[in-house]
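Here's a quick briefing to read alongside the model. Have the sequence and the 3D view open, and we'll go topic by topic.

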Amino acid sequence: MSRQISSLLAIAAVCVTLAPAPAFAQAPKKAAPVDCEQVKCLALTFDDGPGKYAGTLLDTLKKYDAKATFFLEGQYVKSRPAFVKRMAAEGHELGNHSYSHPDFTKSDAGTIRNEIKKTQDAVKKAAGVEPKLLRPPYGLADLQVADVATEFGMPMILWTAGSEDWSSKNVDAIKKKTMEVAQPNGIILMHDWVKQTVDAMPALIKSLQKKGYHLVTVSEIVKGQNLQPGDIFPVPAGWEK
């Protein structure tokens, strides 16, 4: 091989080495974790789903880079598993809201266990993960419910305020109420089976973000609470354990 050809090959090798990697080969940037002790955080939570409008809701959350927590009913997880899989894949939190929404305070321990276990299994089958948080139906719990939640290693999560979407079913009313009750480290109760809630979400998220809120999962909100299995948060008036 001539000296000239050898030199050209060497130069080519250097050029290849110094050339920037194609864009598709670069590692994606990960979003910086949110510190809810330093910034305003709010958790939007959606009960009783996945509802039939969940796909539209997920599109909106993705568009505005917002996270939410879905307290799922096992019966709807079974009938709409694709939504549940997508929720987990897109970084949302999945919670357990029973299988068929009975009043746990009027149920025996065996029924409560069965409701929780069937939902845990359904979510695991659909999304490959198991919920770590329990929201008892109607937000009602007693010492027996707390004991069963402890068996599953789950704290119980209620809410600081509700959007009253199930009652008003009105886009403007849902937006107005949610903005009124929003507070730092708040947990807002909503429902993804209410079409007006899903319709309100683009404008509502923009308004919340404009006020400086970071929309995060419940686990981000309660990170500093050191919740133990069977604990309930926020603690309702008159609750003793």
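**Strand S1 and its partners**

Glycine 49 sits opposite leucine 72, a residue of strand S2. That's one spot in the pairing of S1 with S2 (residues 69–72), where the two strands run parallel and are joined by 4 bridges. Keep in mind that this is a predicted model.

- Another link between these two strands has threonine 45 facing its bridge partner, threonine 69 in S2.
- S1 also pairs with strand S6 (residues 186–191), again in the parallel sense, over 6 bridges.
- In that S6 pairing, aspartate 47 is across from histidine 191.
- Strand S7 (residues 214–215) is a parallel partner of S1 too, with 2 bridges.
- On the S7 side, leucine 42 has leucine 215 opposite.

**How covered are the strands?**

- S1 spans residues 41–49, and 9 of its 9 residues are buried, so the strand is largely enclosed by the rest of the structure.
- As a rule, side chains in a regular strand alternate between the two faces of the sheet.
- S2 is covered on both faces: Thr69 and Phe71 are buried on one side, and Phe70 and Leu72 are buried on the other.

**The disulfide**

- How many disulfides does the count come to? The answer is 1 disulfide.
- Cysteine 36 and cysteine 41 are the two partners, with an S to S distance of 2.2 Å.
- In general terms, this kind of link is a covalent bond between the sulfur atoms of two cysteines.
- The link between cysteine 36 and cysteine 41 is left-handed, at -90° about the S-S bond.
- Is cysteine 36 buried or exposed? Cysteine 36 counts as buried because its relative accessibility is 13%, which is under the 20% cut-off.
- Cysteine 41 counts as buried as well, because its relative accessibility is 0%.

**Histidine 101**

- Where does histidine 101 lie? You'll find histidine 101 in the loop that connects strand S3 (93–96) with helix H5 (109–127).
- Despite the loop address, histidine 101 counts as buried, because its relative accessibility is 16%.
- The histidine 101 side chain has a polar contact with the side chain of tyrosine 138, at 3.4 Å.
- Once neighbours within four places in sequence are set aside, the contacts of histidine 101 are Asp48, Glu73, Glu115, Pro137 and Tyr138.

**The chain as a whole**

- The chain has 241 residues, and 43% of them are buried.
- Its secondary structure adds up to 10 helices and 8 strands.
- Take the contacts with a separation of 6 or more: 76% of those in the chain are between residues 24 or more positions apart.
- The chain's accessible surface is about 12,900 Å², and carbon and sulfur atoms account for 54% of that.

**Confidence**

- The average pLDDT for the chain is 89, and 85% of the residues score at least 70.
- Residues 1–30 have a pLDDT below 50, and beyond near neighbours in sequence this stretch has 3 contacts in the model.

Conventions. Residues are numbered from 1 along each chain as its sequence is written. This is a predicted model: local features need pLDDT of at least 70, side-chain atom pairs count only at pLDDT 80 or more; totals for chains, interfaces and linings use all residues. Side-chain values use heavy atoms; hydrogens and water are left out. A disulfide is a pair of cysteine sulfur atoms within 2.5 Å. Buried means under 20% relative accessible area, exposed over 50%, partly exposed in between (1.4 Å probe, protein chains only). A polar contact is a pair of N or O atoms within 3.5 Å; within protein, one must be able to donate a hydrogen and the other to accept it, and residues adjacent in sequence count only if both atoms are side-chain atoms. Contact means heavy atoms within 4.5 Å. pLDDT is the predictor's confidence in each residue, from 0 to 100. Accessible areas come from the Shrake-Rupley method with a 1.4 Å probe; for residues, only the protein chains shown count as cover. Two strands pair if DSSP finds at least two bridges between them.
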